[in-house]
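Hello,

Here is the structure I said I would pass on. Please open it first, then read the notes below it.

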Amino acid sequence: MGFDAQSQALPGVRALQPYQPGKPVSELQRELGLEQVIKLASNENPLGCSPQVQQALQPCLSTLAIYPDGAGFELRAALAQHHGLALEQVTLGNGSNDLLEIIAHTFLAHEHAAIVAQYAFAIYGLVVRAIGAELVVVPARDYGHDLVGMAAAITAQTRILFIANPNNPTGSCLSQAQLRTFMRTLPEHVVVVLDEAYLEYAEEGGVDAAAWLAEFPALIICRTFSKAYGLAALRIGYALSSPAIADLLNRVRQPFNVSTLGLVAARAALADQDFVARSRQVNAAGKAQLQRGLQNLGLKVLPSQGNFLCVDLARPAQAVYTALLARGVIVRPLAGYDLPQHLRISVGLEAENDLCLRALAEVLA
Ligand SMILES: *Cc1c(COP(=O)(O)O)cnc(C)c1O
């Protein structure tokens, strides 16, 4: 018979649906022999990253044989200062996805449950189910989080409640006032993970971490350098929490989960807030351009506070997605999110948005 991997694996792992990342540009070029390909599929920063990052990385290239600083001291100190927190409140991750997994392993066993909203970021479900814990999915309200429903779903088994604000892939965003009211109603045994991957693009910005952590001891705020900071390739994110929670997360964290290049790049990127401001401006203009273009095509666009738009095609989206690929435009189909008629389009540079809109007009004609 040999080894049967399926039957040996944990039931929760067997039931997982693999995460579907945006198609890489090189893959589409290989498959279709296309030269010009634009990717508006992974909410990456079309401006790249701060030029100061490349400069800071140069000296690192001669130290590649040396393990990184496992404590990430300098970056954590810079982040602590940036947020008005103590260094002991910062935990680094190999992307914020790594932190989501670390948090799940810190608080969840198979007899526990975690709560997410329908259409919330898919990684929450993956990390919860891989452990074998129960995933409670609360129906969305206007494609966003129904906080009343989520609070009502809490039981004695609940250990974590995930909120993406703004949410990916729908772009919905709760106001800080709504969130604060909600937080004040929660029982003490539930950790709230507030994932602010897109906070730089949101109208209100992110929450004031120092004030919120002082008021809510079970809160963990996750942030990333993958989006507005433009460092997705280097895999670096961080969690802000009480020192007590950070101490636990750091026990679960792999000691060298963040590379030297990631540590150095993030510090340089954090120091260049002008670049972040420019990214926000370019995104606002590009988002308005895309929104207008999509509406001119007669399509419904969900309000988005991120760097992407979720558009309702009112027809099966898979064929449209494939036809766009043939024209060298990569976007993101959302069937995996139970949104088979929607596409998510990341905001690109003006020319990219224009190309995408023209390709879409052709496909829909
Ligand atoms: C992109 C994204 C992240 C960030 O992932 P990284 O692992 O930091 O690259 C986290 N949460 C949401 C909702 C995202 O869309």
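Helix 5 and helix 12 are roughly parallel to each other, because their axes cross at roughly 25° and angles under 35 degrees count as roughly parallel. Please keep in mind that this is a predicted model. Helix 5 covers residues 73-83 and helix 12 covers residues 260-271, and their axes come within 9 Å. The crossing of helix 5 past helix 12 is left-handed. On the helix 5 side, the contact is made by Glu74, Leu75, Ala78, Leu79 and His82. Helix 12 contributes Leu263, Ala266, Arg267 and Leu270. Sorted by class, this contact has 6 nonpolar residues, 1 polar and 2 charged.

Next, the sheet. It is open and has 7 strands, in the order 2-8-7-6-5-3-4, with mixed pairing. Strand 2 (90-93) and strand 4 (134-138) are the edge strands, each pairing on one side only. From one strand to the next, the twist averages 20°.

Strand 7 (residues 219-224) and strand 8 (residues 237-240) run antiparallel and are joined by 4 bridges. In one of these strands, strand 8, Gly237 is the bridge partner of Thr224.

Two helices that pack on the sheet are worth finding on screen. Helix 6 (residues 96-107) touches strand 2, strand 5 (158-164), strand 6 (191-195), strand 7 and strand 8. The direction of helix 6 makes about 155° with that of strand 7. Helix 11 (residues 243-252) touches strand 2, strand 7 and strand 8, and its direction makes about 30° with that of strand 2.

Regards

Methods
Residues are numbered from 1 along each chain as its sequence is written. This is a predicted model: local features need pLDDT of at least 70, side-chain atom pairs count only at pLDDT 80 or more; totals for chains, interfaces and linings use all residues. Side-chain values use heavy atoms; hydrogens and water are left out. Two strands pair if DSSP finds at least two bridges between them. Axes are lines fitted to C-alpha atoms, for helices over the stretch in contact, and angles run from 0 to 180 degrees between N-to-C directions. Contact means heavy atoms within 4.5 Å. Angles under 35 degrees count as roughly parallel, over 145 as roughly antiparallel, 65 to 115 as roughly perpendicular and the rest as oblique. A crossing is left-handed if the near helix is turned anticlockwise from the far one by less than a right angle, and right-handed if clockwise. Ala, Val, Leu, Ile, Met, Phe, Trp, Tyr, Cys and Pro count as nonpolar, Asp, Glu, Lys and Arg as charged, and the others, Gly among them, as polar.
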